[in-house]
Amino acid sequence: QAEDGIRDLVRSRGLGDVYKRQLLGCTDNEGSRLHMNALAVQYLLPYVDCGVGIERGADGLIAGGQVRVVVPGGPCLECYGGIDRWLAARDLSAGREQAHGYGLGGRPAPALALLNAAIAAEAAASVVAIATGLRPVWPFLAYDMVGARLAPREDATRSPACPACAPGRRYGRGDSLPLPRPSEDDALPLPRRVAREVGQPE
């Protein structure tokens, strides 16, 4: 409906009043991120996804985050590998205990209020940009807190082989499809997945 909806460029000055209905995701769970991405693609809804991370690397502290935006006709998160399907399969597997610490992959991770605030502010700016056309809508903005840099990622482009928004997949299909369930292969530990792909015994 979004592509055929009323685009009132006078009142909204952006992508149209229909795009004022947006999805905002702030989850650290890949299963829920997979579902949010599918909802955006199937129902042609703008989706703003944000997240942060802090860890200590070999060269010191690594702290930052990202704001990723899906709009109809643009790349979705799966176009450029923005969702870990193994973690999504693990999150969505039947009977799995979902409670886990804050952080990627169920690993507890620290949270820093000023980093969260910076990413939340940029996510809010993206929401306003979608609705009003105040500025360009970037598919992927990466933030490096230590280096004080916020920049778009140039590789966040639409893929013709995307499992979500490629022709014949989920794009614009609304209620005709259920939410995705990763395959059993996606849930296999990485060594077993690689062995299966190359045809070696597991």
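# A tour of the sheet, two buried residues and a cavity

Start in strand β4 with Y143: its bridge partner is G65. Select both residues and keep them on screen. The model open in the viewer is predicted.

**The strands around this bridge.** Now widen the selection to strand β3, residues 60-70, and strand β4, residues 140-144. These two strands pair in the antiparallel sense over 5 bridges. With the pair in view, add helix α3, residues 113-132, which packs on the sheet and touches β1, β2, β3, β4 and β5. The direction of α3 makes about 160° with that of β2.

**The whole sheet.** Next, colour the strands. The sheet is open and consists of 5 strands in the order β1-β2-β3-β4-β5, with mixed pairing. At its edges are β1 (23-25) and β5 (149-152), each pairing on one side only. From one strand to the next, the twist averages 15°.

Go to the β1 side. Here β1 and β2 pair in the parallel sense over 3 bridges. Pick L23 to see one of the partners: its bridge partner in β2 is Y47.

Then move to β2 and β3, which run antiparallel and are joined by 11 bridges. A hairpin through 2 residues connects β2 to β3. Select D49, whose bridge partner in β3 is R68.

**R68.** Stay on R68, which lies in strand β3. Is R68 buried or exposed? R68 is buried, because its relative accessible area is 7%, and a residue counts as buried under 20%. Show its surroundings: leaving out residues up to four places away in sequence, R68 touches R33, Y47, V48, D49, L77, Y80, G82, P139 and F140. For a distance to draw, choose the C-alpha atoms of R68 and G25: they are 9.7 Å apart in space, while the two residues are 43 apart in sequence.

**Helix α1 and N37.** Select α1 next. This helix lies across β1, β2 (47-57) and β3, and runs at about 150° to β2. Within α1, which spans residues 30-43, find N37. The relative accessible area of N37 is 1%, so N37 is buried. Beyond its neighbours within four places in sequence, N37 is in contact with Y47, V70, C76, L77, E78, I83 and A164. Two residues in that list, Y47 and L77, are also among those that R68 touches.

**A cavity.** Turn on the display of internal cavities. How many cavities of 30 Å³ or more are there? The count comes to 2. Choose the second largest cavity, which holds about 50 Å³ of space. Its lining is made up of A40, V41, L44, V70, V71, P72, G73, G74, C76, C165 and Y171. Of these lining residues, 9 are nonpolar, 2 are polar and none is charged. V70 and C76 appear in this lining and also among the contacts of N37.

**Zooming out.** Finally, show the full chain. The protein has 4 helices and 5 strands. Trace the chain along the sequence and the pattern reads β-α-β-β-α-α-β-β-α. Colour by accessibility: of the 202 residues, 38% count as buried. Among contacts between residues at least 6 apart in sequence, 62% join residues at least 24 apart.

Definitions and conventions
Residues numbered from 1 in each chain as written. Predicted model: local features only at pLDDT ≥ 70, side-chain atom pairs only at ≥ 80, totals over all residues. Heavy atoms only, no water. Buried < 20%, exposed > 50% of the residue type's maximum accessible area, 1.4 Å probe, protein only. Contact = heavy atoms within 4.5 Å. 1 Å grid on protein atoms, 1.4 Å probe; cavity = no way out; pocket = protein on both sides within 12 Å on 5 of 7 lines; lining within 4 Å. Points joined across faces, edges and corners; volume = space filled by probe spheres on them. Nonpolar A, V, L, I, M, F, W, Y, C, P; charged D, E, K, R; others polar. Pairing = 2+ DSSP bridges. Axes fitted to C-alpha atoms, helices over the stretch in contact; angles between N-to-C directions.
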